[in-house]
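Here is a walk through one protein model, taken a piece at a time. Keep the sequence and the 3D view side by side as you read.

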Amino acid sequence: MPSRRQVLVTGAASAVIIGGGLFAYDIFSPSMAEAIEPWNAAAEGFGDTRLDILAYAILAPNPHNKQPWMIELIDDDAMRITADLSRMLPETDPPCRQIIIGFGAFLEQLRMAAAEKGYRAEIMPFPEGEPQPVLDARPIADVRLIAEPGIAKDPLFELALERRTNREHYDPSPVEDRQFSLMRDTLPEGVAMGWANEPGAVDALKQIATDAWMIEYETPRTLQESIDVMRIGAAEATANPDGIIMDGPMMEAASNLGIVTREKLADPNSYAFSEGISMYTALIDASPSMVWLTTPDNSRTTQLTTGAAWLRIQLAATRAGLAMQPLSQVLQEFPEMAEQYARIHDHLGIEAPSRVQGLFRIGVAPAIPPSPRWPLTSRIVDA
């Protein structure tokens with residue numbers, strides 16, 4: 001079952017390679033149980049209000065599953081959220097836009113979890129100013145929990161443990177306008193949503209997405225950025241439950257045999273490299289519909305709001321039985337992508353200062369397990 005970063009294995013095992021890095025998406029293996037334990041921990045709770053809320057926040061979607069959040073607990077009712085600057089993506093996300101969008105998803109899931117517990121999360125974004133041109137040590141947000149027994153619970157929260165970023169092949173049936181409208185109704189103020197479900201419109205976007213992905217894949221330093229965060233086999237994934245996970249019996253065999261190594265995956269003359277091109281092209285082609293998010297500006301605060309929107313439409317899609325996957329390459333801001341970046345904006349009729357903040361494939365897909373997460377306690381830091 002091809003996915004964005006699956007692994008080609010020859011001889012004793014077989015799977016597929018996918019570009020922009022590798023991803024074997026078989027984490028049903030019992031050996032991965034520890035890596036996905038934070039999903040169970042959120043369901044069970046810690047018996048402490050802040051920890052119970054944060055246990056859900058760390059499950060939010062984020063670029064390359066880098067999980068860059070650090071959490072400082074303050075007094076009995078507050079917390080400060082900062083970025084682990086060692087977890088950035090400087091080659092594919094130089095201005096840290098995508099990383100901040102991930103923080104927006106984190107804060108939105110925190111807000112929803114707080115409401116579920118009877119608290120209003122008072123969130124102050126960038127209390128010491130918006131970091132420019134890249135993230136720095138200044139906080140992403142300060143959060144205070146205020147007891148509010150009558151606070152309205154968010155109906156999307158019940159999908160939090162079911163949400164997945166699904167990199168499988170999708171069923172060819174397009175998503176209906178009615179379903180897209182219901183997703184759009186969940187958006188926060190300041191973010192707009194567009195979609196395509198007619199073959200011609202979808203094909204045009206798939207071509208743009210494919211061309212952009214090829215640039216990321218064939219640019220050595222951007223490909224290497226993905227390879228550097230690969231976790232090859234269950235032992236690596238358990239030791240470092242983040243980044244691009246390559247696991248499963250076939251992957252273990254391929255790794256042990258030396259068929260899959262970081263060096264071979266980076267070699268443009270290898271069979272694995274060339275096979276990745278055909279496999280990821282097929283993956284994008286198996287996308288029946290597309291959806292995108294736009295904003296009127298590109299401030300850091302707007303990027304946080306975009307993250308909230310990403311989480312909310314993905315939860316709404318989950319409720320509708322739909323799968324989603326970001327096709328983020330075309331919106332990356334490294335020099336080689338500039339032409340494609342301009343192309344997607346021109347194609348969608350988005351003019352500066354407005355901008356496209358996210359492009360996603362969407363449809364019906366096979367169920368998948370959750371992605372690994374670091375334990376909550378590993379993300380909490382001392383003042």
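C96 lies in the loop between β3 and α3 (97-116). In this predicted model, the phi of C96 is near 65 degrees, a positive value in a residue other than glycine. Most residues other than glycine have a negative phi, and most peptide bonds are trans. C96 is also buried, because its relative accessibility is 5% and the cut-off for buried is under 20%.

N65 tells a similar story. The residue sits in the loop between α2 and β2. N65 is not a glycine, yet its phi is positive, at about 50 degrees. With a relative accessibility of 9%, N65 counts as buried.

Two peptide bonds also deserve a look. The bond from Q132 to P133 is cis, and its omega is near -5 degrees. P133 belongs to the loop between β4 and β5. A second cis peptide bond joins A352 and P353, with omega at about 10 degrees. P353 is in the loop between α12 and β11.

Now turn to the sheets. Strands of a sheet pair through backbone hydrogen bonds, either parallel or antiparallel. One open sheet has five strands in the order β4-β5-β3-β2-β12, and its pairing is mixed. β4 (119-125) and β12 (380-381) stand at the edges. Each has a single partner strand, so one side of each is left without a neighbour in the sheet. Within this sheet, β2 (residues 69-74) and β3 (residues 78-83) run antiparallel and are joined by six bridges. I74 stands opposite A78 in β3.

Which helix lies across this sheet's strands β2, β3, β4, β5 and β12? The helix is α2, and it runs at about 165 degrees to β2.

α2 has another role in the picture, as part of what covers the buried residues of α1. Those buried residues of α1 (residues 37-44) are P38, W39, A41 and A42. They cover an arc of only 160 degrees around the axis, which puts them on the same side of α1. On the other side of α1, A43 and E44 are exposed. Just after α1 comes G45, with a positive phi of about 85 degrees.

A further open sheet has four strands. Their order is β6-β9-β11-β10, and the pairing is antiparallel. β6 (192-196) and β10 (323-326) are the edge strands, each pairing on one side only. From one strand to the next, the twist averages 30 degrees.

Follow β11 through this sheet. How many bridges join β11 (residues 355-363) to β9 (residues 289-295)? There are seven, and the two strands run antiparallel. W292 stands opposite L359 in β11. The bridge partner of T294 in β11 is V356. β10 also pairs with β11 in the antiparallel sense, over four bridges. There, M324 has I362 of β11 as its bridge partner. β11 is mostly covered, with nine of its nine residues buried. Helix α4 (residues 177-184) lies across β6, β9, β10 and β11. Relative to β6, α4 runs at about 165 degrees.

Helix pairs come last. Two packed helices are described by the angle between their axes and the distance between the axes. Start with α5 (residues 199-218) and α12 (residues 338-348). Their axes come within 10 Å and cross at roughly 170 degrees. That makes α5 roughly antiparallel to α12. On the α5 side, the contact is made by A204, L205, Q207, I208, D211, A212 and I215. On the α12 side, Q340, R343, I344, H347 and L348 take part. By class, this contact of α5 with α12 has seven nonpolar, three polar and two charged residues.

α5 also meets α6 (residues 220-228). The axes of α5 and α6 come within 5 Å and cross at roughly 80 degrees. α5 and α6 are therefore roughly perpendicular to each other. I215, E216, Y217 and E218 in α5 meet P220, T222 and L223 in α6. By class, the contact of α5 with α6 has four nonpolar, one polar and two charged residues. I215 takes part in the contact with α12 and in the contact with α6.

Conventions
Residues numbered from 1 in each chain as written. Predicted model: local features only at pLDDT ≥ 70, side-chain atom pairs only at ≥ 80, totals over all residues. Heavy atoms only, no water. Buried < 20%, exposed > 50% of the residue type's maximum accessible area, 1.4 Å probe, protein only. Arc of directions from axis to C-beta. Contact = heavy atoms within 4.5 Å. Axes fitted to C-alpha atoms, helices over the stretch in contact; angles between N-to-C directions. Parallel < 35°, antiparallel > 145°, perpendicular 65-115°, else oblique. Nonpolar A, V, L, I, M, F, W, Y, C, P; charged D, E, K, R; others polar. Pairing = 2+ DSSP bridges.
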